Every structure is written in C-alpha cells, then in structure tokens.
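Open the model in your viewer and keep the selection tool at hand. The stops below are meant to be followed in order.

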Amino acid sequence: MPNIEIVSYSGTGNTTRLAETIAQACGARIWTIPHDGEVKRKMWGALDDADTILFGSPTYMGGPAWQFKRFADATGDRWYNRDWQDKLAGGFTTSSSTNGDKGECLSYFITLANQHGMIWVSLGQSSPPSRATPQTATNWTGGNGGVMAITGREGLPEGDLQSAHDYGTRVKQLTDRFTA
C-alpha cells in the first residue's frame, strides 16, 4: 500500500486543519514540526520510507515559517545521499490575506523538492469564474503549485477546504499510479 506522509508546521492551527483535510482524502499520516523546530528521529524514518511527502507551512513574510526552514535545512544528509530521489512531493500553505505571497512559499517547497530530485504534484484545479467567492470556490486564489488557503476570523473558507480535499484525492491517485 502506498505510503503518504505530511510534514508541516502550524502557528495558529489553520495549517494543521488544511493538513488534516488533505490527510483524510489521501490516507496520509501527519507529522507536526514543533514550535521549537526540532524534528524527532521517528519522523525522519517515516519520511525516508514514504512514497510521497507533502510539505505545509503558513506563509510568513513571503516564505515558510522558520520552523519549517529548520526542518528543510536538516534534510541536507538526505539530499547528499539522494534518499528522497524520485519520491512524489506536494505542498500547501495558508496566510491571512488574499495573496500574502503564498506562491512564494509554495515555490520554496517546489525548490526543496527539486533539490532532492522529487517529482512535484501540482494542484490540478482550474481557476474559478471571476464572480466566485472564496467561501464557495475551489482554488479561489488561482494558484497551481499546491493548496493556497486564506485564513480569517472565521477560519478557512469552505472552498479552500474543498481544494485541500480534492488535492488529497489527486495526491492519492497519483501515488497509486506511480507506485503500481
């Protein structure tokens, strides 16, 4: 059975909610990077054994949170040994504004995956009609690199949660095909 793992950091819980929605759709296990950024040995083994690894972080100042960057920096030995070569990879992010430079955060994840020789899974959703609202439309921000969700006082819009669910389904389908 294909093995999908999610590694993410969440400052307020919104990124965790996105991770949970994706995980529910694809049967992934979630590994949460703690607030101190210290990654546990057990997580490394699970990521090394995975067929697919999904990266998640809120977008802070145009990139992932420092806790995620600490995790990424700690993958140096895996990069050197090509341990994650040819695994599938994907990602998701949240920020409180419509844009919030979420695309830059996803670009960071894509670059990290590319440096490891991983194969990126795009969102696979078209942009919504111009009159759509973030409360109901999937991929309301129109990005393609992965799930980009807008957080607000009410939490995550239903359209963004549906995008996350659909992305999890896509990741599962592609992982199944890739590992067959």
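## Strand β3 and its partners

Select Ser-8 first: it stands opposite Gly-56 of β3. The model you are looking at is predicted. Ser-8 belongs to a pairing of β1 (residues 4-8) with β3, parallel, over 5 bridges.

Now select β5 (88-95). This strand also runs parallel to β3, and 7 bridges join the two. To find one of these bridges, pick Pro-58 and look for Thr-94 in β5, its bridge partner.

A third partner is β4 (63-64). Here the sense is antiparallel, with 2 bridges between β3 and β4. Tyr-60 has Gly-63 in β4 as its bridge partner. Between the two strands of this hairpin are 2 residues, and Met-61 takes a positive phi near 55 degrees in the hairpin.

Before leaving β3, color the strand by accessibility. How many of its 9 residues are buried? The count is 8, so β3 is mostly covered.

## The largest nonpolar core

Next, show side chains for Val-7, Leu-47, Ile-53, Phe-55, Phe-68, Phe-71 and Trp-84. These are the residues with the most contacts inside the largest nonpolar core, which has 26 residues. The elements giving two or more residues to this core are α2 (41-49), β3 (52-60), α3 (66-73) and α5 (102-115). Of these, which gives the most? It is α5, with 5 residues. In soluble globular proteins, nonpolar side chains tend to be buried together.

Center the view on Phe-71. Leaving out residues up to four places away in sequence, Phe-71 touches Val-7, Ile-33, Val-39, Met-43, Trp-44, Leu-47, Phe-55 and Trp-84. Another core lies apart from this one; it has 20 residues, including Ala-19, Val-147, Leu-156 and Leu-161.

## Helix α5

Select residues 102-115, which make up α5. The 14 residues of α5 should span 20 Å at 1.5 Å a residue, and the C-alpha atoms at its ends are 20 Å apart, in agreement with that expectation.

Show the side chains of Lys-102, Cys-105, Leu-106, Phe-109, Leu-112 and Ala-113, the buried residues of α5. Then look down the helix axis: the buried residues fall within an arc of 115 degrees, so they line one face of α5. An α-helix has 3.6 residues a turn, so residues three or four places apart point the same way.

What do the buried residues of α5 pack against? Add β3, β4, α3, β5, β6 (119-120) and β7 (147-150) to the display to see these neighbors. After α5 comes Gly-117, with a positive phi near 80 degrees.

## The two cysteines

Go back to Cys-105 and add Cys-26. Is Cys-105 buried or exposed? Cys-105 is buried, because its relative accessible area is 0% and the limit for buried is under 20%. Cys-26 is buried too, at 4%.

Measure between the two sulfur atoms in the viewer. The closest cysteine sulfur to that of Cys-105 is in Cys-26, 18 Å away, which is too far for a bond. The disulfide count for the model is 0, and Cys-26 is in no disulfide.

## The loop between α4 and β5

Select Arg-82, found in the loop between α4 (76-81) and β5. Its phi is near 60 degrees, a positive value in a residue other than glycine. Arg-82 counts as partly exposed, with 32% relative accessibility.

Asp-86 lies in the loop between α4 and β5 as well. Asp-86 is not a glycine, yet its phi is positive, about 70 degrees. Its relative accessible area is 43%, and Asp-86 is therefore partly exposed.

## Last stop: Gly-45

Finally, select Gly-45 in helix α2. Gly-45 is partly exposed, with a relative accessible area of 31%. Then pick Gly-159 and draw a line between the two C-alpha atoms: they are 34 Å apart, and the two residues are separated by 114 residues along the chain.

Note on methods
Residues numbered from 1 in each chain as written. Heavy atoms only, no water. Core = buried A, V, L, I, M, F, W, Y, C linked by side-chain atoms within 4.5 Å. Buried < 20%, exposed > 50% of the residue type's maximum accessible area, 1.4 Å probe, protein only. Helix = DSSP H or I, 4+ residues; strand = E, 2+ residues; numbered from the N terminus. Contact = heavy atoms within 4.5 Å. Expected span 1.5 Å × (residues − 1). Arc of directions from axis to C-beta. Disulfide = S-S within 2.5 Å. Pairing = 2+ DSSP bridges.
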